Amino acid sequence: LLAPDNVPLGVLGDGDGDDDDGDATEAAVAELAACSLVTRGEAAHGVRVVSVHRLVQDVVREGAGGEARAACVARLVRLLPADHHHYKTDYQRKAALGELLRPHVAALLRGEADVRDGYEVWRGMVIHCARTSRPAAGNAYADACVAVAGDEPSERLAEALSCSGWVMYEQRRFDEAEAMHRRALAMREELLGPSHVDIALSLNNLANLLDEQRR
C-alpha cells in the first residue's frame with residue numbers, strides 16, 4: 001500500500017493472477033472492509049481494487065518492516081510486465097492494471113519505502129510506459145534502472161541501457177537513443193560474444209532506429 005490510490009487486489013494476495021481472491025486475501029479484505037478501513041471496487045476493464053484511506057496507508061508504511069516491504073515489491077514485480085510480449089493478449093486489461101500500479105511504483109521511486117534493489121520494478125514500469133504510449137513517463141524509471149545496475153559492465157547494465165534507449169526512441173530522441181543502444185551493444189559483445197541472442201536484440205534495436213531516420 002504505497003500510494004493513496006486504488007490498489008489492485010493482486011498486490012494483496014500471493015497468487016499468480018492480477019485478481020487474487022484466495023481465501024486468506026478475501027478474509028483479510030472482508031475484515032478490513034467491515035471496519036471501514038478499505039472499500040472494495042472495480043476499476044477499468046474489470047480489474048478489482050480496494051481503496052485505502054490515506055491515514056491507514058501512512059500507518060501501514062510506517063509500521064511495515066523490511067520483510068513486508070520486500071513482499072510488496074515482489075508482488076509488484078509479479079504483476080508488472082516481464083517483457084514486451086506481455087501486452088500481446090488482453091491489452092486493455094493489462095494496460096489498465098499497469099496504470100493502477102504506476103502511482104505505487106512512483107512512491108517507491110520517490111523513496112517513500114526503502115527498496116534495496118528495485119531494478120525489476122523499474123524495468124517493468126519502463127516496459128509498461130513504452131508499450132502503452134507513455135514513453136516520457138518511463139524516463140525516470142529508465143534512469144533508475146541504469147543507476148541501480150551500477151557502473152561496472154554487466155548484462156543488467158546493458159539491459160538497462162537498452163531500456164533507456166527504447167523510451168528515448170519512442171520520444172524520437174534519436175541521437176540519445178542511438179548512444180544508449182550502441183553502449184548496450186558494445187557491452188554485450190564484450191561480455192557475451194558475437195553469437196549471443198542479446199547481440200541480435202541490440203542490432204535489431206539499432207536497425208529500427210536507423211531505419212526510422214532513413215539512415
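This is a short talk on one helix pair and the largest pocket in this structure. The model is a predicted one.

I'll start with the helix pair. Two packed helices are described by the angle between their axes and the distance between the axes. Here the pair is helix 6, residues 119-131, and helix 7, residues 139-149. Their axes lie 8 Å apart, and the packing angle is about 150°. Anything over 145 degrees counts as roughly antiparallel, so that is how helix 6 and helix 7 run relative to each other. The crossing of helix 6 past helix 7 is left-handed.

Now the contact itself. On the helix 6 side we have Tyr-119, Trp-122, Arg-123, Met-125 and Val-126. They meet Tyr-141, Ala-142, Ala-144, Cys-145 and Val-148 of helix 7. By residue class, this contact has nine nonpolar residues, one charged and no polar.

Next, the pocket. Helix 6 comes up again here, as one of the helices that supply at least two residues each to the lining of the largest pocket. The others are helix 8, residues 155-170, helix 9, residues 174-192, and helix 10, residues 197-212. Which of them gives the most to the lining? Helix 8 does, with seven residues.

The largest pocket holds about 700 Å³ of space, and 23 residues line it. Nearest its centre are His-84, Ser-162, Trp-166, Leu-201 and Asn-205. How does the lining divide into nonpolar, polar and charged residues? There are eight nonpolar, seven polar and eight charged.

That's the helix pair and the pocket; I'll stop there.

How values were computed: Residues numbered from 1 in each chain as written. Predicted model: local features only at pLDDT ≥ 70, side-chain atom pairs only at ≥ 80, totals over all residues. Heavy atoms only, no water. Axes fitted to C-alpha atoms, helices over the stretch in contact; angles between N-to-C directions. Helix = DSSP H or I, 4+ residues; strand = E, 2+ residues; numbered from the N terminus. Parallel < 35°, antiparallel > 145°, perpendicular 65-115°, else oblique. Left-handed = near helix turned anticlockwise from the far one by under 90°. Contact = heavy atoms within 4.5 Å. Nonpolar A, V, L, I, M, F, W, Y, C, P; charged D, E, K, R; others polar. 1 Å grid on protein atoms, 1.4 Å probe; cavity = no way out; pocket = protein on both sides within 12 Å on 5 of 7 lines; lining within 4 Å. Points joined across faces, edges and corners; volume = space filled by probe spheres on them.
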